[in-house]
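Here are some short exercises for you to try with the sequence and the 3D view side by side. Have a go at each task before you read its solution.

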Amino acid sequence: MYALYVRPDLLGRGVGRALLDTVHDEAAARGWGALVLWVVEANARARRFYEAAGYRADGGAQSEEYAGVAVREVRYRRVAGPFPCGPGHPSGVRQ
């Protein structure tokens, strides 16, 4: 997956979680050990979303340029596959 965006009117309805769970299931099926993603440092909502899905910032950072503006991104990492207590979510509860 390159990017995950959900229409604003669908935020908080489980659409992003379902898409991300599919990525986690596919990664596990392929035997991948870990997943890595980059998120805009200032995007607190996205960071909370990925943290709730088991991702943790690992200290990596970079700047990307978008439309001539430098945007700082931080790297997050997660063990691939479903969590032992339930698919794709640390508590085992799908949202």
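**Exercise 1. Find how many aromatic pairs there are, and describe how their rings are arranged.**

Step 1: Start with the rule. Rings of Phe, Tyr and Trp (its six-membered ring) pair if their centres lie within 6.5 Å; planes under 30 degrees apart count as stacked, over 60 as edge-to-face and the rest as tilted. The count by this rule is 2 aromatic pairs.

Step 2: Take F49 and Y50. Their ring centres are 5.1 Å apart and their planes stand at 70°, so this pair is edge-to-face.

Step 3: Now take Y50 with Y55. This aromatic pair is edge-to-face, with 5.8 Å from centre to centre and 80° between the planes.

Step 4: Put the pairs together: F49, Y50 and Y55 are linked by ring pairs into a cluster.

Before moving on, note where the values come from. The model is predicted: local features need pLDDT of at least 70, side-chain atom pairs count only at pLDDT 80 or more, and totals for chains, interfaces and linings use all residues. Residues are numbered from 1 along each chain as its sequence is written, and side-chain values use heavy atoms, with hydrogens and water left out.

**Exercise 2. Decide whether F49, Y50 and Y55 are buried or partly exposed.**

Step 1: Recall the cut-offs: buried means under 20% relative accessible area, exposed over 50%, and partly exposed in between (1.4 Å probe, protein chains only).

Step 2: Apply them. F49 has 23% relative accessibility, so F49 is partly exposed. Y50, at 10%, counts as buried, and Y55 is buried at 2%.

**Exercise 3. Describe the largest nonpolar core.**

Step 1: A nonpolar core is a set of buried Ala, Val, Leu, Ile, Met, Phe, Trp, Tyr and Cys residues joined through side-chain atoms within 4.5 Å. The largest one has 13 residues, and those touching the most other members are L20, L35, L37, V39, Y50, Y55 and Y76.

Step 2: Ask which elements give two or more residues to this core: they are α1 (15-29), β1 (34-40), α2 (44-52) and β3. Helices (H or I, at least four residues) and strands (E, at least two) are DSSP runs, numbered from the N terminus. The largest share, 3 residues, comes from β1.

Step 3: Look closely at L20. Leaving aside residues up to four places away in sequence, L20 touches M1, F49, Y50, A53 and Y55 (contact means heavy atoms within 4.5 Å).

**Exercise 4. Work through some of the salt bridges, and find what the pair of R72 and E41 ties together.**

Step 1: A salt bridge is a side-chain nitrogen of Lys or Arg within 4 Å of a carboxyl oxygen of Asp or Glu. By this rule there are 5 salt bridges.

Step 2: Check the closest N and O atoms. They are 2.9 Å apart for D9 and R7, 2.6 Å for E26 and R30, and 3.1 Å for R72 and E41.

Step 3: Place that last pair. R72 is in strand β3 and E41 in the loop between β1 and α2, so their bridge ties together parts 31 residues apart in sequence.

Step 4: Finally, look for a network: salt bridges link D58, R75 and R77.

**Exercise 5. Find which side chain of opposite charge is nearest to R78.**

Step 1: Locate R78 in strand β3 (residues 69-79).

Step 2: Lys and Arg count as positive and Asp and Glu as negative; His and the chain ends are not counted. The nearest side chain of opposite charge is D21, 6.1 Å away, and R78 is buried yet has no salt bridge.

Step 3: Turn to the backbone. A polar atom of the R78 side chain lies 2.6 Å from the backbone oxygen of A53.

Terms used:
Polar contact = N/O pair within 3.5 Å; in protein donor to acceptor, adjacent residues only side chain to side chain.
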